[in-house]
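Visitor: Got a minute to walk me through this one? I'd like to hear what stands out.

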Amino acid sequence: MSLLKVLFVLVTIAAACAGVCNGGVTSSFVRKSQPSTCMPIDTFPPPPGYNAPEQVHITQGDHDGKSMIISWVTPLEREPNYVIFWEANSKNKHKIHSRITSYRYYTYESGYIHHATIKGLKHDTLYNYQLGTGDAVRRFSFTTPPKVGPDVPYTFGDLGQTYDSNETFEHYYSNPKGQAVLFAGDLSYADDHPYHNNNRWDSWGRFVEKSMAYQPWIWTVGNHEIDFAPELGENVPFKPYMHRYRVPYKASKSTSPLWYSIKRASAYIILLSSYSAYGKYTPQYNWLEQELPKVNRAETPWLIVLLHSPWYNSNNYHYMEGESMRVMFESWFVEHKVDIVFAGHVHSYERTDRFSNVRYNITNELSTPVKDPSAPVYITIGDGGNQEGLANNFSEPQPSYSAFREASYGHGMLDIKNRTHAHFTWHRNHDNEPVAADSHWMLNRYWHPEEENN
Ligand SMILES: [Fe+2]
């Protein structure tokens, strides 16, 4: 890291801590807090050409990064139903056919939703791919991750909910460092529109395509993916999401796309569902119980969990909604030394110190979180910007576990350097991209479990 960058980080921290560093910082930054307005649905029109493929998005297709799932929608006809891809430095082209699905939701009928899984890719390699034919040909590219290993540097963008506003998305998009996105749930917010207007799923897919078609977004589900509306005759939870977004859940022996894991570079990433059963004996509980001991920190030092509803949230908005899941799983996270937990849902930013609350047994009154070097740092990054507006109602006084909190929209960047150090920064939308409103050096809990004196 350059001296200039070190100085910048120090200056940022000093500024954040000025006068209030004894128990956590509630940022004094104030932005206008009126709800964002929703953009017209035709802000992102379909691409030109007959039956042109649209809403192109990619995600990792296996457990260790040698496969990619390419997804797109053709609005009028099932064909062309294939993707052509090739290494950027080769003329040797390959063709993979898609599996096609479609669905009805109330009066809405989807286009043809294609999912094609490309397997056997080389690591750390630039690939081009092409969809469509005739006047509707579209070309994109992606770079595969490096081979999984303990000291492989990698930079994840960390985003909470987005919606059809440009701000957070464009801010992240302007950062050239992000290689993949860890997304903490709440995608299109179609369910906030009359009859869960599923055309909003389509417009959202067009809106985010310019990032999602080029780098994998790793999905977690939020409450806005449930789309459970028995009053409309829609009784199958997660129906639009499950048709549109595919994940490689079988590669981690999961029985549901709603919880799974992947390895990428030096990180082992576990994605959980806050809105699926997680009590004892349930599929998600049983899967996680067997999954955590499988993580080999000699291969993937960084153990990261994503879930939607935060366990440590000192905002009055959605307060305690994550509590029941914390009761079930927190002791496992401490036992297995999870490094970081990213959550969404709350429309503000918060980072905790390493605290746990696993002693409480309902009669011993030990219900206050305590410092715990084996506990994760919890980061609530659900501040992507949405039409519900900011959550600027923090509880006072700031709890001891809460290190920094601010009611602004923004995104995070997790820059993994090696097996011991990772640098996390949070970027509020109102600043230029290089400015970090919060900055934290993470020390790996397995390889370097020292206290983080940020
Ligand atoms: Fe949410």
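**Around the loop and the metal**

Guide: Let's start with Pro310, which is found in the loop between strand 17 and helix 7 (strands are DSSP runs of E with at least two residues, helices runs of H or I with at least four, numbered from the N terminus). Keep in mind that this is a predicted model, where local features need pLDDT of at least 70, side-chain atom pairs count only at pLDDT 80 or more, and totals for chains, interfaces and linings use all residues. Residues are numbered from 1 along each chain as its sequence is written, and side-chain values use heavy atoms, with hydrogens and water left out.

Visitor: Is Pro310 buried or exposed?

Guide: Pro310 counts as buried, at 4% relative accessibility (buried is under 20% relative accessible area, exposed over 50%, partly exposed in between, with a 1.4 Å probe and protein chains only).

Visitor: And what is Pro310 in contact with, leaving aside neighbours within four places in sequence?

Guide: Gly322, Ala343, Gly344, His345, Val346 and Thr380 are in contact with Pro310, contact being heavy atoms within 4.5 Å.

Visitor: OK, the metal now. Which residues are the protein donors of the iron ion?

Guide: Asp186 (OD), Asn223 (OD1), His308 (NE2) and His345 (ND1), lying 2.1 to 2.2 Å from the iron ion. Donors are N, O and S atoms within 2.8 Å of the metal (3.2 Å for Na, K and Ca), and since water is not among the atoms, sites may look incomplete.

Visitor: Why is the arrangement irregular?

Guide: The 4 donor atoms subtend angles of 89 to 162° around the iron ion, which makes it irregular. Four donors are tetrahedral if all angles lie between 85 and 135 degrees; four are square planar and six octahedral if opposite donors are over 155 degrees apart and all others between 65 and 115; anything else is irregular.

Visitor: Where do the two histidines sit?

Guide: His308 is in the loop between strand 17 (302–306) and helix 7 (323–335), and His345 in the one between strand 18 (340–343) and strand 19 (349–352), so the pair ties together parts 37 residues apart in sequence. Both His308 and His345 are buried.

Visitor: Switching topic: how many aromatic pairs are there?

Guide: The structure holds 32. Rings of Phe, Tyr and Trp (its six-membered ring) pair if their centres lie within 6.5 Å; planes under 30 degrees apart are stacked, over 60 edge-to-face, the rest tilted. Phe342 and Phe424 have ring centres 5.9 Å apart and planes at 45°, so that pair is tilted.

Visitor: Which strands hold those two?

Guide: Phe342 lies in strand 18 and Phe424 in strand 25, so the pair ties together parts 82 residues apart in sequence. Phe342 and Phe424 are both buried.
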